[in-house]
Amino acid sequence: MSSDGISIIGSGWVGVAIGKGFSRLGFNVIFYDVVEKDLPNFTTDIEYAVENSEISFIAVPTPSTPEGIDLSYIKNAVENIGKMLKNKDKFHLVVVKSTVVPTTTEKVVIPILEERSGQRVGVGFGVCMNPEFLTEIASTWSEEESAKRDFFSEDRIVIGEYDRRSGDILEEIYKPLNKPIFRTDLKTAEIIKYASNCMLATKISYWNEIFMICKELGIDSQIVAEIVALDPRIGKYGTVHGKAFGGKCLPKDLKAFISFADKYHKVKLLKAVDEINEEIGDRFGVRE
């Protein structure tokens, strides 16, 4: 299968980052979004994007609501892709790049694709779940460039695959990056992203709780954090403390995962992480 044509369905920050990355690797990338963007090879016509590519990356928003994750953007994108696949003769790979709770790809994405396309997954089209680990580090968190993660500096690539054929196609286009590639099933890839972001959130809330305790005792928590961080088992992440974590990912992913996981297990630690973040945000503000 030729993998020269890649379409990015959702040209926000993540979509643009991966699209420009693949473009630099020599792939023909089509950027799609519902609103005009100043991007090369851009279209607002999803039919054109899917028809002229062999791989489609879905990178649309998945915001959190009081009820949990909002999958409306994912569903809309998948329905439109499915309609386009109905008229495609060639095998097409659909890659979920958006952060979605475990089982979403199996129970939401694939059924919609099959229904709209009239084709069977693994036969007419393939599916992978490929979480991103991109990071925008603001100067309020760290001045260290090494803390940033872009398309070329992510430290691992996770490929959740419906079947080997789908995984092989996706692995092939990532090989030029020379990064460790881990292939899993779909729901394992989905939870890896949440486990990663929730761990990062936990470290920040931990240091914020230490900060609040030290404040009551008249202790400089930054001195404490800097010395403790010298232990390589602990490290520096989260030691820039004193404000709540904000940004595009950690708050929404933490809340979405708590809402999801609470249906299967009584969540305790992650709820405390969220409560500490809310408290420190109210008292000391939010660091984006």
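Tutor: Start with a term: contact means heavy atoms within 4.5 Å. The model here is predicted.

Student: Which residues does Ile234 touch, leaving out those up to four places away in sequence?

Tutor: Ile234 touches Lys203 and Val228. Each therefore has a heavy atom within 4.5 Å of one in Ile234.

Student: How far apart are the C-alpha atoms of Ile234 and Lys203?

Tutor: They are separated by 9.3 Å. Along the chain, Ile234 and Lys203 are 31 residues apart. The contact cut-off applies to heavy atoms, so the C-alpha separation of 9.3 Å does not conflict with the contact between Ile234 and Lys203.

Student: Why is Ile234 called partly exposed?

Tutor: Its relative accessible area is 34%. Buried needs under 20% and exposed needs over 50%. The value for Ile234 falls in between, so partly exposed is the label. Ile234 sits in the loop between α7 (221–228) and β11 (244–245).

Student: What makes Ser117 buried?

Tutor: Ser117 has a relative accessible area of 3%. That is under 20%, so Ser117 is buried. Ser117 belongs to helix α4, residues 104–117. Not counting residues up to four places away in sequence, Ser117 touches Gly82, Leu85, Lys86 and Phe125.

Student: What does the side chain of Ser117 reach, and how do you know that this is a polar contact?

Tutor: It reaches the backbone oxygen of Leu113 at 2.6 Å. A polar contact is within 3.5 Å, with one atom able to donate a hydrogen and the other to accept it. The 2.6 Å distance is within that limit, so the pair passes on distance.

Student: Why is Ser166 called buried?

Tutor: Ser166 has a relative accessible area of 0%. Buried is under 20%, so the label follows. Ser166 is in helix α5, residues 164–174. Beyond four places in sequence, Ser166 touches Phe91, Leu93, Gly126, Val127 and Cys128.

Student: What is the phi of Thr103, and is Thr103 found in a loop or a helix?

Tutor: Phi of Thr103 is near 85°, a positive value in a residue other than glycine. Thr103 is found in the loop between β7 (92–96) and α4.

Student: What makes Thr103 count as buried?

Tutor: Relative accessibility of Thr103 is 17%. That is under 20%, so Thr103 counts as buried.

Student: Is Asn178 buried or exposed, and how do you know that?

Tutor: Asn178 is exposed, at 69% relative accessible area. Exposed means over 50%, so Asn178 qualifies. Asn178 also has a positive phi, about 55°, although it is not a glycine. Asn178 lies in the loop between α5 and β10 (181–184).

Student: What volume does the second largest pocket have, and how many residues line it?

Tutor: The volume is about 560 Å³. The pocket is lined by 28 residues. Nearest its centre lie Gly12, Ala59, Val60, Pro61 and Thr62. The helices α1 (13–24) and α3 (72–85) each supply at least two lining residues. The largest share, 4 residues, comes from α3.

Student: How is the lining of the second largest pocket split by class?

Tutor: It has 14 nonpolar, 8 polar and 6 charged residues. Gly counts as polar and Pro as nonpolar, so Gly12 falls in the polar class and Pro61 in the nonpolar class.

Student: What does the UniProt annotation say about residues 187–278?

Tutor: The unreviewed UniProt entry annotates them as "domain: UDP-glucose/GDP-mannose dehydrogenase dimerisation". In the model, this span is 66% helix and 2% strand. Its end C-alpha atoms lie 29 Å apart.

Key:
Residues numbered from 1 in each chain as written. Predicted model: local features only at pLDDT ≥ 70, side-chain atom pairs only at ≥ 80, totals over all residues. Heavy atoms only, no water. Buried < 20%, exposed > 50% of the residue type's maximum accessible area, 1.4 Å probe, protein only. UniProt positions renumbered as here; feature names shortened; annotations may be inferred. 1 Å grid on protein atoms, 1.4 Å probe; cavity = no way out; pocket = protein on both sides within 12 Å on 5 of 7 lines; lining within 4 Å. Points joined across faces, edges and corners; volume = space filled by probe spheres on them.
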